[in-house]
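Reader: I am a first-year student, and I would like a careful look at one residue and its surroundings. Could you take me through a single part slowly, explaining each term as it comes up?

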Amino acid sequence: SALTSVNLQRWINIRAKGKSPKTVKNEMALLRASCRYFGTNLPPVSLPKATTVRYILPTDANIREMLEYCHENAPEIERAIMLAAFGTLRRGEICALTKDKVFDDHVLVDINHVHGMHGEVHEKDTKTYTSTRRVPLPPEIIHELRQSKTDCVVPLTPNALTDKFERIRNKLDMPRIRLHDLRHYAASKLITKMPKNYVESIGG
């Protein structure tokens, strides 16, 4: 169909339902640049406005309750929580981690899974050069990571992981903690034990 203002706005509105305003803005910028290259200027459209994200730092009790519930009911989410809350891994890094990257005292983070525009999953390098890293973890977590029945430690797509995590969070009647907030929890614990630059290198 033609790239009319109405069609473009309809597409933007659909994208905005599942993506952040920044992501939609970047996608639209890429589309504009591509069309301009072939001599076509797109009509004006309204982009979603940026929203203020309210971060919630999980408590020790929150983490403990989620781990206890998941240990019995959703072991793949238990492993994901461990990797985020104690290893600072991002969701794409969690979903890309395979058992051959799990060593006796650390995991090697060098691959990231991301969703494409149509929901498909792509395997990429980690977010930045410094995101490729070795993340130290205690033996009990290493043991749990190796319990996965598949080659993937957490055999889910990033979106599926987020959905399952949020369903469990809601079932436990917790604050609106995001999976990404577990990284902030991990950093808040690490910063009390080591210099800031070490924490940054572990967090990637």
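**Arg-91 and its surroundings**

Author: Leaving aside residues up to four places away in sequence, Arg-91 is in contact (heavy atoms within 4.5 Å) with His-115, Pro-158, Asn-159, Leu-161, Thr-162 and Leu-179. This is a predicted model, in which local features need pLDDT of at least 70 and side-chain atom pairs count only at pLDDT 80 or more, while totals for chains, interfaces and linings use all residues. Residues are numbered from 1 along each chain as its sequence is written, and side-chain values use heavy atoms, with hydrogens and water left out.

Arg-91 belongs to helix H5, which covers residues 91–96 (helices are DSSP runs of H or I with at least four residues, numbered from the N terminus). Arg-91 counts as partly exposed because its relative accessibility is 32%, a class lying between buried, under 20%, and exposed, over 50%, with a 1.4 Å probe and protein chains only. Although 67 residues separate Arg-91 from Pro-158 in sequence, their C-alpha atoms are 5.8 Å apart in space. With Thr-162, Arg-91 makes a side-chain to side-chain polar contact at 2.8 Å (a pair of N or O atoms within 3.5 Å, one able to donate a hydrogen and the other to accept it).

Pro-158 and Thr-162 fall within helix H7, residues 158–171, which packs against helix H4, residues 75–87, at an angle of about 95°, with the axes 11 Å apart (axes are lines fitted to C-alpha atoms over the stretch in contact, and angles run from 0 to 180 degrees between N-to-C directions). H4 and H7 are therefore roughly perpendicular, the term for 65 to 115 degrees.

Definitions and conventions
Helix = DSSP H or I, 4+ residues; strand = E, 2+ residues; numbered from the N terminus. Parallel < 35°, antiparallel > 145°, perpendicular 65-115°, else oblique.
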